[in-house]
Amino acid sequence: MSKLVAISFKDDATAFALRSDLAAMQSDYLLALDDIVVVTKDEKGKPKLHQPVSLTGAGALSGGWWGTLIGLLFLAPLAGLVIGAGTGALAGKLTDIGIDDRFMRDVAASLEKDEAMVFVLVRDVTIDKVMDGLSAYRGKGRIHTTSLSRRDEDELRKLIEAA
């Protein structure tokens with residue numbers, strides 16, 4: 001079962017650095033991420049989601065490839081490419097995997113102008129090694145919401161919120 005953690009930071013650079021570090025830890029097989037999203041606010045105060053993979057772009061690429069292939073069968077590869085890419089992009093835009101976008105926007109509504117929030121959906125974790133890897137973020141953030149056990153949440157709070 002996946003666990004959700006939302007951490008806010010005073011600046012977006014720290015949030016993006018955390019996302020990068022967690023991705024590196026995933027490459028080292030210290031944790032398995034289902035989703036990781038950085039949320040910032042634009043000039044108008046509207047939350048902006050920075051997801052690591054654009055499903056719209058991936059859908060357009062995949063749809064374009066399949067559309068061209070099918071178009072070749074019907075002797076209309078260009079039409080197949082255009083129709084396939086459009087259909088794939090639309091399907092990618094409508095697909096939402098991982099953390100619900102509305103939930104992230106609602107939680108991030110409390111952010112101040114220059115603050116940022118990181119939402120992490122973790123499936124599996126080697127907790128002691130990941131906590132050691134997070135020591136660079138000691139005292140830099142604030143835990144907003146988690147679905148961790150009380151003991152694990154307290155350990156994470158001690159690390160991230162330490163003064």
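What covers the buried residues of helix α4? The cover includes β2, β3 (47-50) and β4. Before going further, a word on the ground rules. This is a predicted model, where local features need pLDDT of at least 70 and side-chain atom pairs count only at pLDDT 80 or more, while totals for chains, interfaces and linings use all residues. Residues are numbered from 1 along each chain as its sequence is written, and side-chain values use heavy atoms, with hydrogens and water left out.

**The overall layout**

The protein has six helices and five strands. Here helices (H or I, at least four residues) and strands (E, at least two) are DSSP runs, numbered from the N terminus. Walk along the sequence and you meet them in the order β-α-β-β-α-α-α-β-α-β-α. Of the 163 residues, 37% are buried; that means under 20% relative accessible area, with exposed being over 50% and partly exposed in between (1.4 Å probe, protein chains only).

The protein exposes about 10000 Å², and 58% of that comes from carbon and sulfur atoms. Accessible areas come from the Shrake-Rupley method with a 1.4 Å probe, and for residues only the protein chains shown count as cover. As for contacts (heavy atoms within 4.5 Å), take those between residues at least 6 apart in sequence: 68% of them join residues at least 24 apart.

**Two helices with two faces**

Back to α4, which spans residues 101-108. Its buried residues are Asp101, Met104, Val107 and Ala108. Looking down the axis of α4, they fall within an arc of 130°, so they line one face of the helix. The arc is taken from the directions from the helix axis to the C-beta atoms. Turned away from that buried side, Arg102 and Asp106 are exposed.

Helix α6 can be read in a similar way. Glu153, Leu156, Leu159 and Ile160 are buried there. These residues sit on the same side of α6 because they cover an arc of only 125° around the axis. On the other side you find Arg150, Arg151 and Lys158, which are exposed. The buried residues of α6 pack against β1, α5 and β5 (141-146).

Leu159 gives a closer look at this helix, which covers residues 150-160. Leaving out residues up to four places away in sequence, Leu159 touches Met131, Leu134, Ser135, Tyr137, Arg138 and Gly139. Its C-alpha atom is 7.7 Å from that of Tyr137, although the two are 22 residues apart along the chain.

**The largest pocket**

How big is the volume of the largest pocket? It comes to about 380 Å³. The search runs on a 1 Å grid over the protein atoms alone: a pocket is an open set of points with protein on both sides within 12 Å along at least five of seven lines, where a cavity is a set of points where a 1.4 Å probe fits but cannot get out, and lining residues have an atom within 4 Å of a point. Grid points are joined across faces, edges and corners, and the volume is the space filled by probe spheres set on the points.

The lining has 20 residues, and Val125, Ile127, Val130, Leu148 and Leu156 are the closest to the pocket's centre. The elements giving two or more residues to this lining are β1 (3-9), α1 (12-27), β4 (116-125), α5 (127-133) and α6. The largest share, five residues, comes from α6. By type, the lining divides into 15 nonpolar, one polar and four charged residues. Ala, Val, Leu, Ile, Met, Phe, Trp, Tyr, Cys and Pro count as nonpolar, Asp, Glu, Lys and Arg as charged, and the others, Gly among them, as polar.

**A few residues to look up**

Here is how much of four residues is left accessible.

| Residue | Relative accessible area | Class |
|---|---|---|
| Leu159 | 7% | buried |
| Glu115 | 11% | buried |
| Gly133 | 32% | partly exposed |
| Tyr29 | 74% | exposed |

Glu115 lies in the loop between α4 and β4. Setting aside neighbours within four places in sequence, Glu115 is in contact with Phe9, Lys10, Asp11, Thr40, Lys41 and Ser110. The C-alpha atoms of Glu115 and Lys10 are separated by 4.5 Å, with their positions 105 residues apart along the chain.

Gly133 belongs to helix α5. Its C-alpha atom is 10.0 Å from that of Leu18, and the two are 115 residues apart in sequence.

Tyr29 sits in the loop between α1 and β2 (31-41). Its phi is near 65°, a positive value in a residue other than glycine.
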